[in-house]
Amino acid sequence: MRAVVLEEFQEPLQVQDVERPEPESHGIVAEVNGCGVCRSDWHCWQGDWDWFGYRPDPPHILGHEPCGTVVEVGEDVESVSEGDHIAIPFNFACGKCDLCRNGHENICENHVGLGFMNEAPGAFAEEVHVPHADINAVPLPDSIHPDTAAGIGCRFMTSYHAMAHRGDVGNGEDVVVHGLGGIGLSAVHIANALGANVIGVDLFDEKLDKAESLGAVETVNASEVDDAAKEVRDITNGGADCSVDALGIETTCLNAVNSLKKGGRHVQVGLTTSEEAGKVALPTDEFVAKEIDFRGSLGLQPSRYSEMLDMIKTGKLDPTELVSETISIDEVPDTLAAMSDYDTMGIPVCSDFS
């Protein structure tokens, strides 16, 4: 089968012929119907994130935002059958540890990152293996078209968890999203659907315009103001109820925190680059004096996909609004390379693996 293979960090990616996967007894193999091309794939290609185990040994297949059709089932799998259409979370869970048993499968004690770890070759490929399929293969309703499902991957479902659960936004609250890539624009769309008043902050007018089309009530071009956080505080008459750093660099993280009012809560979704190496200095005394909460957010529990899927079925959420283009597997390397200059918008989706 054909797959995008990382042969050496930061060197051009290659589309190669590789062996197709075989299912473990607890796993399934799915034909990939679509796979989002994400900045997280770019980080992996660059060799970032070794500080928390997301640095696979080359050669390695990239890609972590797939949906697919089940083509082979392991002998111990009980709830998944050939022909099922499934969403596939990137944060594979074991289903047996205390965290999984208590509804926190997204931070499973035995977490394996699809496309980011040796144990889980990725989904820029014709087929992908899904371990512990009874928990990690999420059934898709017939009413959700594969084109829609392809937009649900990491960025959209991660933003849903960040806004609906970790941020707990709604009820007319002011929410500011710093960094309007795929995660940030998804967060704008979802927070708006949950009833929040959303402000988008970025450096590019095209992304700010897209945020407005997805429901942002205000936008701030951070390149045109002296202090983006102060702009947000002025717009919100004192600060936002909830802030999101959807990029993961020091500037966006600090601006997001400084956008908050007293008693506000910050949700960190973006992961850092090699420049920060996982650490950003924070205004600790401000957290104390203003009683600000800092909350991390990773992926979405498979057991809670139904909430998001129900909102998609009723039209309150539409992942296709975030899909900026559909590409072939041969275009994936250049699309990832364009992310070096932040030269993508929304969610590019690879849907042609021929």
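A residue here is called buried when its relative accessible area is under 20%, exposed when that area is over 50%, and partly exposed in between, using a 1.4 Å probe and protein chains only. Please keep in mind that this is a predicted model, where local features need pLDDT of at least 70 and side-chain atom pairs count only at pLDDT 80 or more, while totals for chains, interfaces and linings use all residues. Residues are numbered from 1 along each chain as its sequence is written, and side-chain values use heavy atoms, with hydrogens and water left out.

Let us start with charge pairs. Side chains of opposite charge can pair when their charged atoms come close. The criterion for a salt bridge is a side-chain nitrogen of Lys or Arg within 4 Å of a carboxyl oxygen of Asp or Glu, and searching the whole structure turns up 12 of them. One of them joins Arg-20 to Glu-22, with 3.3 Å from N to O. Arg-20 is partly exposed, because its relative accessibility is 32%, whereas Glu-22 reaches 54% and so counts as exposed. This pair does not stand alone: Arg-20, Glu-22, Glu-72 and Glu-127 are linked in a network of salt bridges.

Next, look at helix α8, which covers residues 228-235. Helices are DSSP runs of H or I with at least four residues, strands are E runs of at least two, and the numbering of both starts from the N terminus. Within α8, Asp-234 and Lys-230 are four residues apart, about one turn of the helix, and their side chains form a salt bridge at 3.0 Å, N to O. Asp-234 has a relative accessible area of 44% and is therefore partly exposed; Lys-230, at 40%, is partly exposed too. Another salt bridge pairs Arg-295 with Asp-293, where the closest N and O atoms are 3.2 Å apart. Here Arg-295 is partly exposed at 22% relative accessibility, and Asp-293 is partly exposed at 37%.

Now for charges outside such pairs. Asp-205, Glu-206, Asp-209, Glu-212, Glu-218, Glu-224, Asp-341 and Asp-343 form a negative surface patch. Patches are built from residues with over 30% relative accessible area and no salt bridge, joining like charges within 9 Å and nonpolar side chains (Val, Leu, Ile, Met, Phe, Trp, Tyr) within 5 Å. The areas come from the Shrake-Rupley method with a 1.4 Å probe, and for residues only the protein chains shown count as cover. Asp and Glu count as negative, Lys and Arg as positive, and His and the chain ends are not counted; each charge is placed at NZ of Lys, CZ of Arg, CG of Asp or CD of Glu.

Helix α7 (residues 205-213) gives the patch its largest share, four residues. Glu-218 comes from strand β13, residues 218-221, and is partly exposed because its relative accessibility is 37%. Asp-343 sits in the loop between α12 (332-338) and β18 (347-352), and its 58% relative accessibility makes it exposed. Asp-343 is also 120 residues from Ser-223 in sequence, with 16 Å between their C-alpha atoms.

For a covered element, turn to helix α6, where 10 of its 12 residues are buried. Among them are Gly-182, Leu-185, His-189 and Ala-191. The expected span of a helix is 1.5 Å times one less than its number of residues. For α6 (residues 182-193) that gives 16 Å, so the 17 Å between its end C-alpha atoms agrees.

Finally, the loop between α1 (39-46) and β4 (60-61) deserves a visit. Pro-59 lies there, and the peptide bond leading from Pro-58 to Pro-59 is cis, with omega near -5°. Trp-49 is in that loop and has a positive phi of about 75° although it is not a glycine; with a relative accessible area of 2%, Trp-49 is buried. Phe-52 belongs to the loop as well, but is partly exposed at 37%. Together with Trp-51 and Leu-271, Phe-52 makes a nonpolar surface patch of about 250 Å². A positive phi, about 50°, also appears at Glu-291, again not a glycine. Glu-291 is found in the loop between α10 (284-290) and β16 (293-296), and is exposed, with a relative accessible area of 63%.
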